[in-house]
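Biologist: I am new to this structure and would like a close look at a single part of it. Please take me through one helix and then on to the side where its chain meets its neighbour.

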Amino acid sequence: MSIFVNQDTRVIVQGITGTQGKLHTELMLKYGTKIVAGTNPKKAGSTVFDVPVYADVKSAREATGANASIIFVPPAGAADSIIEAIDAGLDLVVCITENIPALDMVRVHDRLQNAHTRLIGPNCPGIISVDECKLGIMPQDIHLKGHIGIVSRSGSLTYETIKQLSKKGIGQSTTVGIGGDPIKGTDFLDVLKAFNEDEETDAIVLIGEIGSQDEQIACAWAKENMKKPLVGFIGGVSAPPGKRMGHAGAVVNGKGGSARDKIDALEELGVRVAPISDRIGDTLIEVLKEHGLLDKCIVK
Amino acid sequence: MNIHEYQAKQLFKDYDIPVPEGYPAFDLAEVGRIMEERFPEGKVVVKAQVQTGGRGKAGGILLADTKEEAVTAAAKLFGKTLYTKQSGPEGKLVRKLYIEKQTPHEKEYYLSLLIDNRLGKCVFIASKEGGMEIEEVAEKNPEAILRMPVELGEGINEETALAFAEKLGFADEMAEDFVALLKRMFRLFTERDCSLVEVNPMSVCDGKPICLDAKVSFDSGALFRQPLNAELRDILEENPLEAEASDEGMSYVSLGGDIGCICNGAGLGMSTMDTINYTGCKPANFLDLGGSVDDARAGKAFKLLIREKGIKGVIINIFGGIARTNLIAKGITEAITETNYQGPVVCRIEGNGDAEAHEYIANCKGNIYPASSCIEACMKMKELLKEER
């Protein structure tokens with residue numbers, strides 16, 4: 001098992017004919033992801049790497065039985081693309097697009113309330129269940145199949161962490177990049193809940209950063225409910241207040257949003273926090289040892 | 001993206017949101033002219049136009065009862081540097097003023113409209129305790145802060161808004177006027193893709209609401225569909241390196257330390273500056289090269305970074321997933337050669353194309369060293385700088 005995506009996930013690429021869409025369609029196909037359709041209203045009837053292109057998500061879904069999509073549409077049309085996928089009744093939508101206007105995301109947020117669709121992102125690297133399905137833009141050769149679940153607001157730090165773990169023979173089950181935007185679909189709490197129920201996952205790494213209090217909320221839930229050990233990292237200890245550090249959501253605004261506040265809160269909730277990103281792997285190993293899980297988690 | 005008070009007040013006027021009569025002035029002669037033509041009876045407030053909070057406390061807002069007093073106040077303010085809580089140690093230079101009619105008033109209120117990210121909704125925030133910083137009110141007296149979420153699709157609900165007005169102590173005609181003001185503010189917020197509209201203080205004059213201050217910030221992600229918003233940008237208010245970087249598709253933040261860093265990805269950028277900090281050194285900046293980076297942008301990043309004041313060395317921390325590290329290494333080593341940069345450069349480059357990247361580093365004539373992790377790069381830099389001293 002794994003969470004949210006597996007070998008049965010059938011994928012539509014929204015924006016398949018653009019530069020990024022094409023590039024990552026090819027890479028995902030190589031990984032073994034079942035991409036069954038693409039969409040572009042102006043290029044219906046054509047193909048990209050033998051994947052048929054449809055005018056919209058609804059017709060692509062009806063023709064192929066797809067249950068998920070990944071979006072590479074530019075910011076101006078990205079929110080409408082998400083809403084199109086929600087309206088077509090897909091189970092899962094991953095939105096890679098960065099810089100979607102905030103009010104558009106408020107509109108998307110409203111539409112998600114009564115829908116069964118799960119949105120991951122926007123402004124994220126996507127999700128990968130190792131050796132089963134890659135629905136994202138992460139490099140593929142760093143992963144190793146195993147028992148660690150990873151959830152992160154940062155793409156680059158996720159790759160860094162995966163590389164550290166794989167080097168030490170510690171495999172991953174599913175990695176979820178929830179994205180760097182302030183308004184997003186899936187948050188830390190949703191992913192922790194799913195990992196908690198996933199038989200394949202034995203421990204979780206949570207990579208957070210400045211801004212919001214989502215890390216604290218998720219870890220407070222974990223303290224009461226989580227059956228598995230949790231290791232954390234928070235980026236932005238040296239970030240000045242009020243300054244946006246790359247991600248739209250990475251701004252220290254008000255109480256609880258600073259890295260220091262988060263690290264203190266997480267430690268108080270019993271989560272071991274790595275002092276620097278280079279030590280995320282070692283910190284996890286320490287915790288796995290204490291729980292008698294290290295031998296099981298070293299898969300190579 | 002922030003704008004000036006005088007620009008925000010013009011937007012308020014465009015949306016029929018009540019503000020006192022006022023005019024921007026860019027030099028002393030203009031102040032005199034405005035006083036003669038617009039305020040022959042005197043009684044104005046001379047307000048420094050700098051994009052930072054706490055202007056009043058820093059001496060940036062002066063009362064003047066006559067034309068002479070106004071010109072004297074303006075002469076004091078033009079060219080003055082204001083130091084506020086939010087301005088940073090470098091302060092904010094006053095280049096523009098706003099001359100506004102004095103408004104006799106009693107109570108001061110706080111009112112703002114923003115997006116609550118956790119709720120995913122637009123929310124009005126108000127308090128009877130205006131005039132002071134809302135963060136302070138939130139800390140000392142959180143019950144004094146009132147909140148009213150608004151559904152984007154439905155707009156402001158009349159009943160909810162009247163109840164909101166009542167909680168602030170407004171009744172009858174005043175309550176109706178206040179609700180009308182909320183509606184106009186909401187229209188401004190949504191039509192112009194704002195990220196914040198803030199009035200602190202709002203007051204009551206002759207039984208009607210009036211916005212004595214106005215702050216508007218725009219969503220920078222929406223500038224592509226708001227050409228009028230982009231026109232209001234005042235580049236002089238921004239850190240020049242930060243402005244230049246953002247025009248090139250990169251994110252840059254000055255941090256005041258002496259060790260620079262170049263990274264790809266916001267998370268890696270933050271963790272690199274944090275690791276510099278962890279080794280007891282001071283990061284000069286945050287720099288994320290941004291997506292689809294090539295050698296030209298990497299070279300520009302290096303040239304921009306070494307202009308940062310007091311910089312003694314540069315750490316490069318790149319993890320190439322999709323990004324091609326060989327192109328980044330090419331751009332940076334070429335920039336080192338071209339600028340003849342003599343300070344130490346420590347490079348940790350890993351991932352897509354790294355064999356070729358390491359060749360570029362090995363062949364570069366500069367003061368350049370490889371490292372295999374971020375912490376190793378930071379320790380190496382610390383050692384190199386110690387040797388120099």
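Modeller: **One helix and its chain's interface**

Helix H6 of chain B, residues 172–191, has 20 residues that at 1.5 Å a residue should span 28 Å, and because its end C-alpha atoms lie 29 Å apart, the two values agree; the expected span is 1.5 Å times one less than the number of residues, and helices (H or I, at least four residues) and strands (E, at least two) are DSSP runs numbered from the N terminus. This is a predicted model, in which local features need pLDDT of at least 70 and side-chain atom pairs count only at pLDDT 80 or more, while totals for chains, interfaces and linings use all residues. Residues are numbered from 1 along each chain as its sequence is written, chains are lettered from A and ligands numbered from 1 in the order in which they are written, and side-chain values use heavy atoms, leaving out hydrogens and water.

Among the buried residues of H6(B) are Met174(B), Phe178(B), Leu182(B) and Phe189(B), buried meaning under 20% relative accessible area with a 1.4 Å probe and protein chains only. After H6(B) comes Asp193(B), with a positive phi near 50 degrees.

Turning to the neighbour, 45 residues of chain B are in contact (heavy atoms within 4.5 Å) with 51 residues of chain A. Between the two chains there are eight salt bridges, each a side-chain nitrogen of Lys or Arg within 4 Å of a carboxyl oxygen of Asp or Glu. Lys121(B) forms a salt bridge with Asp110(A), their closest N and O atoms being 3.4 Å apart. H6 is one of the elements of chain B that each supply at least two residues to the side touching chain A, although the largest share, ten residues, comes from H9(B).

Technical notes. Buried < 20%, exposed > 50% of the residue type's maximum accessible area, 1.4 Å probe, protein only.
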